[in-house]
Amino acid sequence: MNIATDVLSILLAFASAGAGFPKALDKGSVPAQLRDHLKVRAGLVPLIGLAEIAAAVGLVIGLFWRPLGIAAAIGLVLVFVGAVAYHGRAGDYADPKARGGAMGPIVLGLIAAATIVTLSLSL
């Protein structure tokens with residue numbers, strides 16, 4: 001179980017950090033898309049990025065101290081639930097062209113949930 005836990009934690013940490021840095025720095029097309037298409041308030045975009053970066057750090061530290069990893073994964077589930085809600089409000093799940101990009105938060109949310117389970121079982 002520890003190998004699965006470590007792999008899930010590391011993969012989720014990389015994905016979270018990779019998604020978080022552009023938002024936290026407000027650079028690139030992703031922050032602009034969040035503001036323009038999903039109608040996320042401009043001040044909220046860097047905070048989402050910082051939450052994703054903090055979760056990545058928590059997941060890495062969670063490899064050694066499981067409760068922090070669990071808390072970080074729970075935080076990511078909450079971020080992804082919010083992302084799914086924003087995509088739903090924008091109609092992305094009904095639009096075949098936008099649906100593929102909107103599936104990311106669902107997939108990552110499920111991976112975060114699996115990480116919570118494996119971390120909890122490895123306590």
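Buried means under 20% relative accessible area, exposed over 50%, and partly exposed in between, with a 1.4 Å probe and protein chains only. The model is predicted, so local features need pLDDT of at least 70 and side-chain atom pairs count only at pLDDT 80 or more, while totals for chains, interfaces and linings use all residues. Residues are numbered from 1 along each chain as its sequence is written, and side-chain values use heavy atoms, with hydrogens and water left out.

**Exercise 1. Describe the overall build of the protein chain.**

Step 1. Helices (H or I, at least four residues) and strands (E, at least two) are DSSP runs, numbered from the N terminus. The protein chain has 6 helices and 0 strands, in the order α-α-α-α-α-α from the N terminus on.

Step 2. The radius of gyration is 15 Å, close to the 14 Å that the globule rule gives for 123 residues, so the protein chain is as compact as a globular protein of that length. The radius is taken over C-alpha atoms, and the rule is 2.2 Å times the number of residues to the power 0.38.

Step 3. The C-alpha trace spans about 40 × 30 × 15 Å along its principal axes. Of the 123 residues, 32% are buried.

**Exercise 2. State which residues of helix 1 are buried, and what they pack against.**

Step 1. Helix 1 has 24 residues and reaches 34 Å from its first C-alpha to its last, close to the 34 Å expected at 1.5 Å a residue. The expected span is 1.5 Å times one less than the number of residues.

Step 2. The buried residues of helix 1 are T5, S9, L12, A13, S16, A17, G20 and K23. An α-helix has 3.6 residues a turn, so residues three or four places apart point the same way.

Step 3. Contact means heavy atoms within 4.5 Å. The buried residues of helix 1 pack against helix 2, helix 3, helix 4 and helix 6.

Step 4. L11, also in helix 1, is exposed, with a relative accessible area of 55%. L11 and K23 lie 12 residues apart in sequence and 19 Å apart in space, C-alpha to C-alpha. Just after helix 1, D26 has a positive phi of about 55 degrees.

**Exercise 3. Place L59 in helix 3 and in the largest nonpolar core.**

Step 1. Helix 3 covers residues 44-61. Its buried residues are V45, G49, E52, I53, A55, A56, G58 and L59, and they pack against helix 1, helix 2, helix 4 and helix 6.

Step 2. A nonpolar core is a set of buried Ala, Val, Leu, Ile, Met, Phe, Trp, Tyr and Cys residues joined through side-chain atoms within 4.5 Å. The largest one has 14 residues, and L12, L59 and L76 have the most contacts inside it. Helix 1, helix 3, helix 4 and helix 6 each supply at least two residues of this core, with helix 4 giving the most, 5 residues.

Step 3. Not counting residues up to four places away in sequence, L59 touches S9, L12, A13, G69, A72, A73, L76 and T115.

**Exercise 4. Is T115 buried or exposed, and what surrounds T115?**

Step 1. T115 is found in helix 6 and is buried, with a relative accessible area of 0%.

Step 2. Leaving aside neighbours within four places in sequence, T115 is in contact with L8, S9, L12, L59 and A73.

Step 3. A polar atom of the T115 side chain lies 2.8 Å from the backbone oxygen of I111.

Definitions and conventions. A polar contact is a pair of N or O atoms within 3.5 Å; within protein, one must be able to donate a hydrogen and the other to accept it, and residues adjacent in sequence count only if both atoms are side-chain atoms.
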